[in-house]
Amino acid sequence: MPGRSVSFYISLGVVFVYCAVALFAPAIAPFDPFAISGSPLAPPDAAHILGTNDLAQDIFSRLVWGTRATLILGFLGAAISVALGTFGGIVSGYYGGRVDEAIMRFLDVMMTIPSFPLLLILTIFFRPGIYMTAVLMGFLGGLQGVRIIRSQVLSLAVADFVVGTKALGAGDGYIMARHILPNVLPLVGVKFIFSAQHFMVVGIGLGFLGMGDPAVVDWGQMIQRATQNGGIILGLWWWLIPPGLAVTFLSLALAWFGYAFEDRINPRLQVMRV
Amino acid sequence: MMHGACTMIDICDLKTYYSAGFLHRTEVRAVDGVSFGIEKGETLGLVGESGCGKTTLGRSVIRLIEPTGGRVVFDGTDVTALSRKDLRRFRRRMQMIFQDAYTSLNPRMRVSESIAEPLRIHRIEDRAGIDRRVRDLIEAVGLNEEHLNRRPYELSGGQNQRVVLARVLALEPEFIVADEPTAGLDVSVQAQILTLFRDIWREYHTTCLYISHDLGVVRAMSDRVAVMLKGRIVEIGQVADVLDHPCHPYTRLLVAAPVDDKEFSCPVSAGAPAMVEVRPGHWVEATAR
Amino acid sequence: MTTEEPLLEVRGLTVGFPTVDGLVKAANTVDLEIRPGETLALLGETGSGKTVLGMAILRLLQPNTRIEGEILYRGRNLLSLSEGEMQKIRGREIAVVLQNTGTSLNPVLRVGDQIAEAVTLHRGLRGGDAEAAAVTLLDRVRIFDPARMAREYPHRFSGGMRERALIALALACEPSFLIADEPTRGLDAVTKREILDLFSEINPGRSVLFITHDIEAAATLAVRVAVMYAGEIVEIGPVDAVLSSPVHPYTRGLLASLPERGMRPIPGSSPSLITLPPGCRFSPRCTRAVGRCKKEHPELVEVGPDHDARCMYYD
């Protein structure tokens with residue numbers, strides 16, 4: 001379907017632009033995001049294209065630098081999450097029996113604890129930096145991923161080509177790496193994209209609730225500052241709207257990309273018949 | 001009990017039980033005390049209805065399923081006593097071909113990778129050696145180099161079964177368990193695959209356990225045939241003896257022999273079922289009186 | 001023998017499926033007639049077009065399929081009927097025994113209820129009457145203890161029993177024409193023989209189109225047999241003539257491929273239905289092919305009494 005293909009490339013393009021902005025933030029941002037760069041609460045003008053905030057920091061520069069934090073939270077969190085989910089899922093589904101039983105019961109216990117409140121509590125206590133936050137989110141998300149990957153692996157583990165490779169004399173590690181993993185990779189890819197989207201929004205939520213890393217700029221903290229220091233009441237749209245729109249576009253682009261990617265790999269999944 | 005001097009496989013009282021049903025309370029005796037031998041270079045056909053345990057037996061013999069009891073002696077080595085590590089090294093001597101060639105190949109691997117894999121696992125050749133062997137093997141099974149870059153879904157059922165054979169032959173196994181390898185194929189393709197199997201097995205003196213529910217195929221492929229019923233072997237012997245002069249009631253049903261044929265009636269046993277030799281090398285399980 | 005008015009007549013039926021790779025020509029100008037009370041076996045291998053032909057008669061093909069030609073049932077062209085009229089014919093006049101794939105019975109409904117449903121739909125019987133009719137049908141297809149088995153779910157049935165249930169389903173309203181699609185696929189020797197016995201038992205006087213790849217089954221059941229190759233009929237005639245003295249090289253090759261008849265394979269493989277070979281479709285694999293075979297497309301010609309074949313040698 002050409003329509004799907006178009007949405008695939010457009011959303012991929014948007015994600016690329018965000019990544020480029022994050023990567024070249026020092027070159028793109030005209031000011032230091034923490035520096036006092038003019039008068040406070042100034043509306044947009046030629047020097048400050050999105051105006052300044054109550055501390056006289058340049059909002060455009062903060063927005064650009066904030067991209068970095070948001071993408072790190074999303075992609076690092078997602079990478080840790082799918083790595084854990086894939087490893088746990090493959091081990092659990094492939095070995096089955098007691099190994100599977102132990103992993104599943106551990107997950108049952110973990111699942112009873114709602115993950116966002118847990119994340120809040122952990123961040124309140126430990127005040128982790130941005131990287132630690134990503135690791136925490138990834139870990140909690142990865143626990144859920146284990147089940148999804150495991151259900152696929154359960155059917156792969158008894159597929160003839162896996163049994164046949166065992167009959168050739170291959171070891172378990174080899175079979176998991178060469179036969180099971182490649183066959184769950186499409187699913188892992190989809191999971192990575194949707195996790196990234198999810199973790200970005202969660203990261204922004206944490207920032208908004210005041211749990212952000214004070215050493216970095218992120219969109220959540222920008223929105224929090226704008227709402228708490230009178231951005232809405234005073235009608236200072238340039239303070240609040242830009243980070244809001246930035247989140248919305250990125251999140252939409254990732255969701256689109258995820259769906260389009262899922263469609264692309266689907267025929268292959270059907271072809272596999274496992 | 002019923003084999004000559006150069007026995008390749010000796011199976012003695014092999015048992016494979018499963019637990020099934022609610023809370024695993026029910027015990028299913030898929031293979032229930034099976035004994036037979038296969039001589040070197042011989043093909044033994046194994047027939048029986050679906051669910052009689054023939055697939056489980058085939059897999060238990062090469063320990064793809066762990067048997068519950070009994071012994072399998074392969075060329076003097078007790079396979080059932082091997083450690084996991086030794087078993088893995090031993091596996092290159094005994095191989096399996098499955099019913100569905102398509103699902104026996106990793107959908108994400110090219111044909112060349114699939115055929116090279118066994119050589120890599122056992123570190124048999126260097127890279128150039130593997131390439132050369134893969135080319136030799138693909139031609140040996142009647143395909144050519146252009147098939148090497150394809151993936152399973154780009155090939156037909158018959159072509160995939162050829163790839164499976166090439167992959168299995170890479171290790172030059174002495175024993176192959178073939179579990180209905182042509183069940184899903186058309187008659188004309190089946191004839192191509194079966195003649196290929198037969199030629200190659202003859203050339204390599206491969207010993208084979210050939211599982212099928214198709215009597216015509218078993219007759220064409222085997223030297224001897226064993227009939228399986230509910231986890232037990234009820235009749236075994238030369239193909240012509242068993243299929244043309246069946247003794248056990250189930251074999252007679254299978255080959256649609258006339259019911260009132262008095263000449264070869266099944267021996268009767270007073271006690272527990274036992275195997276009786278009704279003719280040289282033709283054994284039948286005596287039915288209870 | 002041929003003077004009798006046929007029950008179903010297929011004339012110049014051509015079926016094509018558009019795909020991304022091109023048009024799949026699944027059936028090509030197929031002419032076929034089924035006479036009252038006879039069993040015609042449609043024999044062919046994967047991709048020969050035999051199943052497509054059966055589904056075309058019932059008009060159960062995908063909506064984007066291209067169909068040309070005529071299918072006359074009791075003189076009416078089924079291809080020009082409205083969907084509503086066709087529904088009245090399906091099940092009631094022409095019924096099908098579907099391929100037993102494990103999904104042909106609904107796994108969450110009791111077998112008896114599924115048969116009762118068909119009875120209600122076509123015969124208007126309700127509640128207890130429909131259930132009683134379902135039990136009677138299960139008894140007719142020789143299911144042991146039918147009253148008890150009617151209350152079981154499909155997973156409790158063995159492969160052979162499921163096949164019997166599918167037959168019972170097709171017989172729900174005594175159709176005058178039955179299409180059976182590979183009813184013996186995947187069954188072991190004993191069960192297969194029982195199902196074939198059942199078929200000859202339930203169908204006296206009924207016309208049956210028996211679609212199969214199983215030569216032995218065709219020989220057991222059919223009066224006439226049509227052999228299909230690459231979307232066309234290459235040989236058709238009385239079962240004895242076609243299976244004991246076949247004329248077309250493909251039929252000969254197919255029979256010689258049987259393990260019981262020497263297991264001599266036909267070289268090569270069936271052509272792609274998108275790019276068919278010019279001339280005779282079997283010519284690339286035919287050991288007797290001459291230059292003319294590769295250029296001209298042969299027509300079906302009479303080679304014996306009621307026996308036609310599509311081969312240059314008999315033109």
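**Exercises on chain contacts and a sheet**

In this predicted model, 22 residues of chain B are in contact with 18 residues of chain A.

**Exercise 1.** Determine which elements of chain B give two or more residues to the side that touches chain A, and which gives the most.

*Solution.* Begin with the elements: helix 2 (84-90), strand 6 (94-97) and helix 3 (111-121) of chain B each give two or more residues to this side. Next, rank them: helix 3 of chain B gives the most, with 3 residues. Finally, sort the side of chain B by residue class, which yields 10 nonpolar, 5 polar and 7 charged residues.

**Exercise 2.** Carry out the analysis for the contact between chain B and chain C.

*Solution.* Count the participants: 20 residues come from chain B and 20 residues from chain C. On the side of chain B, the elements that give two or more residues are helix 6 (187-204), helix 7 (215-221) and helix 9 (249-254). Helix 6 of chain B gives the most, with 6 residues. By class, this side of chain B has 9 nonpolar, 8 polar and 3 charged residues.

**Exercise 3.** Describe the open sheet of 4 strands in chain C and the helix that packs on it.

*Solution.* The strand order is 2-1-4-5, with antiparallel pairing. The edges are strand 2 (22-34) and strand 5 (76-77) of chain C, each pairing on one side only. Strand 1 (residues 8-19) of chain C joins strand 2 of chain C through 9 bridges in the antiparallel sense; P18(C) stands opposite L23(C) in strand 2 of chain C. Helix 1 (residues 50-57) of chain C packs on the sheet and touches strand 1, strand 2 and strand 4 (66-73) of chain C. The direction of helix 1 makes about 70° with that of strand 2 of chain C.

Notes
Residues numbered from 1 in each chain as written. Chains lettered and ligands numbered in written order. Predicted model: local features only at pLDDT ≥ 70, side-chain atom pairs only at ≥ 80, totals over all residues. Contact = placed C-beta atoms within 7 Å. Nonpolar A, V, L, I, M, F, W, Y, C, P; charged D, E, K, R; others polar. Pairing = 2+ DSSP bridges. Axes fitted to C-alpha atoms, helices over the stretch in contact; angles between N-to-C directions.
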